[in-house]
Amino acid sequence: MGLHLRLLPNFELSHYGRRLRLPAPAQRLLAFLALSERPQHRCIVAPRLWADLSDERSGAALRTTLWQIRRAAPSTVTSHDSHLRLGPSVEVDLHESVHRMRSLETGARPEEGLSDSLSHDLLPDWLDEWVVVERERYRQIRLRALETLCRRFTEAGKHAPAIEAGLSAVAADPLRETAQRVLIEAHIAEGNLSEAVRQYRTYARLLDAELGVEPTASLTALLPAAARVHHPGRAVASP
């Protein structure tokens, strides 16, 4: 008990708050198992993590890595019928974060400190394909949760946490219009039209520079016509 695996943003395994030092292969194995939805057979794990080795050598590398993990924290990995999984006592911050975000979709009351915990990517410095795929999946869940937080706080009249969540969503993906929309709406709801206009114009310039396109008509319609100019002599088309 007391084992906590952190993957947001960086890897850390701790036991009752004491950090456990593990070699890189052991970290990759624990992260792989944490990101897997079900127990993984050894014959799948070994070639995924040691793709550049032969079957025999990758199997040996897996056995060595399991020994290292069990020496540091015996209950971290369990094995049954050649399948590996994280031990049931291991708490994973990624799993906790996804659970909290999913609860928003079912109507749970939004937590004002939640946007802070959603400001990190999953293992951003890891380049393994299996990490890249899961990182993008988590990023999409995180963006939708931040937008939901912003919208729900705006509807409740809690402007400060609404804007904080909106800013976090925009920082995670500046080109995402749904993130820009909820932030602009939060500024308008707070009565800060100037901030809404500034955010809109910043987004319009970014879209023009990066993609050569303009904001959609529905986003443009949120603001007065006079506020839609984002380049000297050029205005965004009215809806």
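Reader: Which residue of S6 stands opposite Ser-79?

Author: Leu-84 stands opposite Ser-79. Bear in mind that this is a predicted model.

Reader: What makes S5 and S6 a pair?

Author: Two strands pair if there are at least two bridges between them. S5 (residues 77-80) and S6 (residues 83-86) have four bridges. So the two strands count as a pair. The pairing is antiparallel.

Reader: Why are S4 and S5 called edge strands?

Author: Each of them pairs on one side only. The order in this open sheet of three strands is S4-S6-S5, with antiparallel pairing. S4 covers residues 40-41.

Reader: What holds the strands of a sheet together, in general?

Author: Backbone hydrogen bonds pair them, in either the parallel or the antiparallel sense.

Reader: How do you know that S1 and S2 are paired?

Author: The cut-off is at least two bridges. Four bridges join S1 (residues 3-6) to S2 (residues 12-15), so they qualify as a pair. The two strands run antiparallel. Five residues lie between S1 and S2, and the two strands form a hairpin.

Reader: How many bridges join S2 to S3?

Author: Three bridges join them. The cut-off is at least two, so S2 and S3 pair as well. S3 spans residues 18-20, and the two strands run antiparallel. They too form a hairpin, with two residues between them. In that turn, Tyr-16 has a positive phi of about 50°.

Reader: Which residues stand opposite Leu-13 in S1 and S3?

Author: Leu-5 stands opposite Leu-13 of S2. In S3, the bridge partner of Leu-13 is Leu-20.

Reader: How many helices and strands does the whole chain have?

Author: The protein chain has 10 helices and nine strands.

Reader: Why is the chain called more spread out than a compact globule?

Author: The globule rule gives 18 Å for 239 residues. The radius of gyration of the protein chain is 23 Å, well over that value, so the chain is more spread out than a compact globule. Along its principal axes, the C-alpha trace spans about 70 × 35 × 25 Å.

Reader: What share of the residues counts as buried?

Author: Buried means under 20% relative accessible area. Of the 239 residues, 44% count as buried. The protein chain exposes about 12500 Å², and carbon and sulfur atoms supply 52% of that area.

Reader: Where do the positive and negative charges lie on average?

Author: The mean positions of the 31 positive and 30 negative charges are 3 Å apart.

Conventions
Residues are numbered from 1 along each chain as its sequence is written. This is a predicted model: local features need pLDDT of at least 70, side-chain atom pairs count only at pLDDT 80 or more; totals for chains, interfaces and linings use all residues. Side-chain values use heavy atoms; hydrogens and water are left out. The radius of gyration is taken over C-alpha atoms; the globule rule is 2.2 Å times the number of residues to the power 0.38. Buried means under 20% relative accessible area, exposed over 50%, partly exposed in between (1.4 Å probe, protein chains only). Accessible areas come from the Shrake-Rupley method with a 1.4 Å probe; for residues, only the protein chains shown count as cover. Lys and Arg count as positive and Asp and Glu as negative; His and the chain ends are not counted. The place of a charge is taken as NZ of Lys, CZ of Arg, CG of Asp or CD of Glu.
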